[in-house]
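Reader: I'd like a close look at one part of this model rather than a full tour. Could you start with one strand pair and work outward from there?

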Amino acid sequence: MISAPSRTSVVVIGAGQAGLSVSYYVRRLGLQPGTEYVVLDRGPSTGGAWQFRWEALRIGSAHRINDLPGMDELGISFETADRHAPAKDVVADYYERYEQHFALPIVRPAEVKSVYNRGTELIVEYVGADGRDEIVTDIVVNATGTWGSPFLPWYPGMAEFAGRHVNTTDYVSAEEFADQDVVVVGGGTSAIGFLLELENVAAHLTWVSRRPVEFSDGEFDVETAVAAVAMQDEAARAGRALPSIVSGTGVPRTRRIQAGIERGVLDAKPMFTAIEPDGVRMADGSFQHADAIIWSTGFRPELRHLAPLKLREKEGGMLVGQGASWKDPRIFFAGYGPQASTIGANRAGRMIARQVVATLSNLAH
């Protein structure tokens, strides 16, 4: 078990794909693990957000998971992983091997509560196995992702609903909705995955989406993917709230999804207008009974712990370019905006690590 130092040069917050990538590269660039940099991870185990995903999500049906930098040294790859294995188990196993192989300084569980200035010092306050503690540091790399901050839009009557409100992070398995009337909200791959799992389990399924669901044929082409990432980058540089990647690419029409469309289970209705105690009022005025509403309505970057630094813009986002805060050069963002995919996080890891080392060098002079 690794203990956190009271003083270090770099604190990386989060040991998901982005945090591990940055950690790998700063070590390669010469920072000493455990003394010059440390990674704080709130998860009870390895795998980042993947360890909390639902059991039925398989490697073959999840978004493509790219290998971490240097993973080939271990002789493992997500490309050759068992496609029928639970994604949460495979990622947790591979990440554990990765952390051990490269002796990365991961402290867990360590939930960061606040990052703030104490005079000229940067303080990272966290709760670990032994209670509340703090680290004095020169640089913070925020790699917290979005899993801890699901977005739940407000609709009239939400508080009066007598059934269950379930967001993506709460979903465990289809069996808990057996013989229930379920409304699934959302237009992305998670909502679709829930519908396909619930198809022969729930008594009745209703799919609603706040905007029309667009399906794209085959894999994302390069032009579409580049355009979607450019939208994220533009928003980050302007300090706006980040748009959904799916809104710019559409949902890939895989054979499994096409079959669901043909069976009629993937038929999105317009968003309901209100929630009533025992169901929802549909856009056409009809009523649909519901025992549960599953909100698969996306996520927002998890940044509450950075609030004391006052980095947020009035437009709702952070001013970030090339992974660096434009307001505070000591703060970096890994896995934010255009870096949010596994391949984006890996490429950004090297870029951010180089900037971190350069910033440390400037601070020393």
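In which sense do S8 and S17 pair, and over how many bridges?

Author: S8 and S17 run in the parallel sense, and four bridges hold the pairing together. Before going further, a word on what you're looking at: this is a predicted model, where local features need pLDDT of at least 70, side-chain atom pairs count only at pLDDT 80 or more, and totals for chains, interfaces and linings use all residues. Residues are numbered from 1 along each chain as its sequence is written, and side-chain values use heavy atoms, with hydrogens and water left out.

Some vocabulary, too. Strands (E, at least two residues) and helices (H or I, at least four) are DSSP runs numbered from the N terminus, and two strands count as paired if DSSP finds at least two bridges between them.

Now zoom in on one rung of that ladder: valine 166 has isoleucine 294 in S17 as its bridge partner. Step back and you find an open sheet of five strands, ordered S8-S17-S9-S10-S13, with parallel pairing. S8 and S13 (269–270) sit at the edges with a single partner strand each, so one side of each has no neighbour in the sheet.

Isoleucine 294 is a good place to linger. Leaving out residues up to four places away in sequence, isoleucine 294 touches Val166, Tyr171, Phe177, Val182, Val183, Val184, Val185, Phe194 and Leu198; touching, or contact, means heavy atoms within 4.5 Å. Together with Val10, Val141 and Leu198, Ile294 touches the most other members of the largest nonpolar core, a set of 64 residues. A nonpolar core here is a set of buried Ala, Val, Leu, Ile, Met, Phe, Trp, Tyr and Cys residues joined through side-chain atoms within 4.5 Å. Buried means under 20% relative accessible area, exposed over 50%, and partly exposed in between, using a 1.4 Å probe and protein chains only. In soluble globular proteins, nonpolar side chains tend to be buried together.

Leu198 leads us to helix H3 (residues 189–198), where eight of the ten residues are buried. Those eight are Ala191, Ile192, Gly193, Phe194, Leu195, Leu196, Glu197 and Leu198. What covers them? The cover includes S9, S10 (204–209), S11 (215–217), S12 (251–253), helix H6 (255–263) and S17 (292–295).

Staying by the same sheet, look at the loop between S8 (164–167) and S9 (181–185), which holds aspartate 179. Aspartate 179 has a positive phi, near 60 degrees, without being a glycine, and it is exposed, with a relative accessible area of 66%. Alanine 103 is another non-glycine with a positive phi, about 50 degrees; you'll find it in the loop between helix H2 (87–101) and S3. At 43% relative accessibility, alanine 103 counts as partly exposed.

A bit further along, the loop between S3 (106–107) and S4 (111–118) holds proline 109, and the peptide bond joining arginine 108 to proline 109 is cis, with omega about -10 degrees. Arginine 108 also turns up among the contacts of threonine 46, along with Gln51, Ala92, Tyr95, Glu96 and Glu99, leaving aside neighbours within four places in sequence. Threonine 46 lies in the loop between S2 (37–40) and H2 and is buried, with 6% relative accessible area. A polar atom of the threonine 46 side chain lies 2.7 Å from the backbone oxygen of alanine 92.

For contrast in strand direction, try the open three-strand sheet S14-S15-S16, which pairs antiparallel. S14 (274–276) and S16 (287–289) are its edges, each with a single partner, so one side of each lacks a neighbour in the sheet. S14 and S15 (residues 279–281) are joined by three bridges, and alanine 274 stands opposite arginine 281 in S15.

One long-range meeting is worth finding on screen: serine 21 and glycine 349 are 328 residues apart in sequence, yet 4.9 Å apart in space, C-alpha to C-alpha. Serine 21 belongs to helix H1 (residues 17–28) and counts as buried at 0% relative accessibility.

And the backdrop to all this? The protein has seven helices and 20 strands, and 49% of its 365 residues count as buried. Among contacts with a separation of 6 or more, 67% come from residues 24 or more positions apart.

Technical notes:
Polar contact = N/O pair within 3.5 Å; in protein donor to acceptor, adjacent residues only side chain to side chain.
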